[in-house]
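Here are my notes to go with the structure you are looking at. Please keep the 3D view open and find each residue as you read.

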Amino acid sequence: LLFASTDSSSFNPMHKTIKTILPRPHPHWVGDGFNVFPVFADKAFSKELSPFLMFDYAAPKHFAATTKRLGVGQHPHRGFETVTLAFQGAVEHGDSVGNRGVIETGDVQWMTA
């Protein structure tokens, strides 16, 4: 749901108008085989959400044991903040200057890129 106030001069946080109901997002592949669901659908890069906000949900996925390194590979993060929450399992992240870490169930990682 995206909300819009009807009158900015008398904004009341308890009185909001529903601007639109977003459809269930379609997943898209990231890296070596896991889906993420863009929670804000096609609104992530629009004027309706400014500054831009990308909010993806990755459903739980079990990866079978392998010697192959899995992940999303190198990709640029510059000029924005990324926040990762681990609801279940673990997420490993590393950057190009050697910083590395693992967050596990209940952890939050905030990265300034």
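**Notes on the model**

1. Let us start with one residue, Y57. At 36% relative accessibility, Y57 counts as partly exposed, because the partly exposed class lies between under 20% (buried) and over 50% (exposed). Please keep in mind throughout that this is a predicted model.

2. Y57 has an aromatic partner. The structure holds one aromatic pair, made by the rings of F37 and Y57. A pair of aromatic rings is described by the distance of the centres and the angle of the planes. Here the ring centres are 6.5 Å apart and the planes meet at 40°, so the pair is called tilted. The two residues belong to distant parts of the chain: F37 sits in strand 4 and Y57 in strand 5, with 20 residues from one to the other. Is F37 buried or exposed? With a relative accessibility of 17%, F37 counts as buried, whereas Y57 is partly exposed at 36%.

3. Now step back to the whole chain. How many helices and strands does it have? There are zero helices and nine strands, so if you read the elements from the N terminus on, you meet β-β-β-β-β-β-β-β-β. The chain has 113 residues, of which 13% count as buried. Among contacts with a separation of 6 or more, 31% are between residues 24 or more positions apart.

4. Strands 4 and 5, which carry the aromatic pair, also belong to a sheet. This is an open sheet of three strands in the order 3-4-5, with antiparallel pairing. Why do strand 3 and strand 5 each have one side without a neighbour in the sheet? Both stand at the edges with a single partner strand, so one side of each is left free of a neighbour there. Strands of a sheet pair through backbone hydrogen bonds, either parallel or antiparallel. Between strand 4 and strand 5 the antiparallel pairing runs over two bridges. To see where the two strands face each other, look for P38, which stands opposite D56 in strand 5.

5. Further along, strand 7 and strand 8 (residues 100-104) run antiparallel and are joined by five bridges. One spot to check is G94, which stands opposite R100 in strand 8. The two strands form a hairpin with five residues between them. In the turn, G98 has a positive phi of about 100°.

6. Two loop residues are worth finding together. Q74 is in the loop between strand 5 and strand 6, and S96 is in the loop between strand 7 and strand 8. Are they buried or exposed? Q74 is exposed, with a relative accessible area of 82%, and S96 is exposed at 74%. Along the sequence Q74 and S96 are 22 residues apart, while their C-alpha atoms are 8.1 Å apart in space. S96 can also be compared with P76: these two are 20 residues apart along the chain, and 9.4 Å separates their C-alpha atoms.

7. For a contrast, turn to T82 and M111. T82 lies in strand 6 and is buried, with a relative accessible area of 15%. M111 lies in strand 9 and is buried, also with a value of 15%. Which residues does T82 contact, leaving aside its neighbours within four places in sequence? They are H77, Q109, W110 and M111. Not counting residues up to four places away in sequence, M111 touches H77, F80, E81, T82 and H93. For M111 and E81, 30 residues apart along the chain, the C-alpha atoms are separated by 5.7 Å.

8. Last, please look at the largest pocket, with a volume of about 2400 Å³. It is lined by 47 residues, and the closest to its centre are F34, V72, T84, V91 and E92. Several strands give two or more residues to this lining, among them strand 3 (28-30), strand 4 (34-38), strand 6 (81-85) and strand 9 (108-112). What kinds of residues make up the lining? They divide into 24 nonpolar, 15 polar and eight charged.

How values were computed: Residues numbered from 1 in each chain as written. Predicted model: local features only at pLDDT ≥ 70, side-chain atom pairs only at ≥ 80, totals over all residues. Heavy atoms only, no water. 1 Å grid on protein atoms, 1.4 Å probe; cavity = no way out; pocket = protein on both sides within 12 Å on 5 of 7 lines; lining within 4 Å. Points joined across faces, edges and corners; volume = space filled by probe spheres on them. Helix = DSSP H or I, 4+ residues; strand = E, 2+ residues; numbered from the N terminus. Nonpolar A, V, L, I, M, F, W, Y, C, P; charged D, E, K, R; others polar. Pairing = 2+ DSSP bridges. Buried < 20%, exposed > 50% of the residue type's maximum accessible area, 1.4 Å probe, protein only. Phe/Tyr/Trp six-rings, centres within 6.5 Å; stacked < 30°, edge-to-face > 60°. Contact = heavy atoms within 4.5 Å.
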